[in-house]
Amino acid sequence: MSDLEALAPKVIGRCREAGVRLVLAEACTGGLMTAALTEVPGASAVVERGFVPYSNESKGEQLG
């Protein structure tokens, strides 16, 4: 198990406890963080959405 996979349930749990939702914008990771978080059961209560604008053009279009 990678460090990211081990940390993901803790992140989901703490966000749930704090009552916050996550929106992730990833480029260099290619969606790796969102994938790890959404593997956690119940993650849909915390993860709102994820964006993976990889090219410079798409980053400007999607994220400003």
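Buried means under 20% relative accessible area, exposed over 50%, and partly exposed in between, with a 1.4 Å probe and protein chains only. This is a predicted model, where local features need pLDDT of at least 70, side-chain atom pairs count only at pLDDT 80 or more, and totals for chains, interfaces and linings use all residues. Residues are numbered from 1 along each chain as its sequence is written, and side-chain values use heavy atoms, with hydrogens and water left out.

Start with the strands. Helices (H or I, at least four residues) and strands (E, at least two) are DSSP runs, numbered from the N terminus. In strand S1 (residues 22-25), Leu-22 and Leu-24 point to one face and are buried. Val-23 and Ala-25 point to the other face and are not buried. In a regular strand the side chains alternate between the two faces of the sheet.

S1 pairs with strand S2 (residues 47-51) in the parallel sense, over four bridges. Strands pair if DSSP finds at least two bridges between them. Ala-25 has Phe-51 in S2 as its bridge partner. From S1 the chain crosses through H2 to S2, and this β-α-β crossover is right-handed. Right-handed means that, with the strands pointing away from the viewer, the path from the first strand over the helix to the second runs clockwise.

Next come two buried helix residues. Contact means heavy atoms within 4.5 Å; residues up to four places away in sequence are not counted.

| Residue | Helix | Relative accessibility | Touches |
|---|---|---|---|
| Thr-34 | H2 | 15%, buried | Leu-24, Glu-26, Gly-50 |
| Ser-58 | H3 (residues 56-63) | 16%, buried | Pro-53, Leu-63 |
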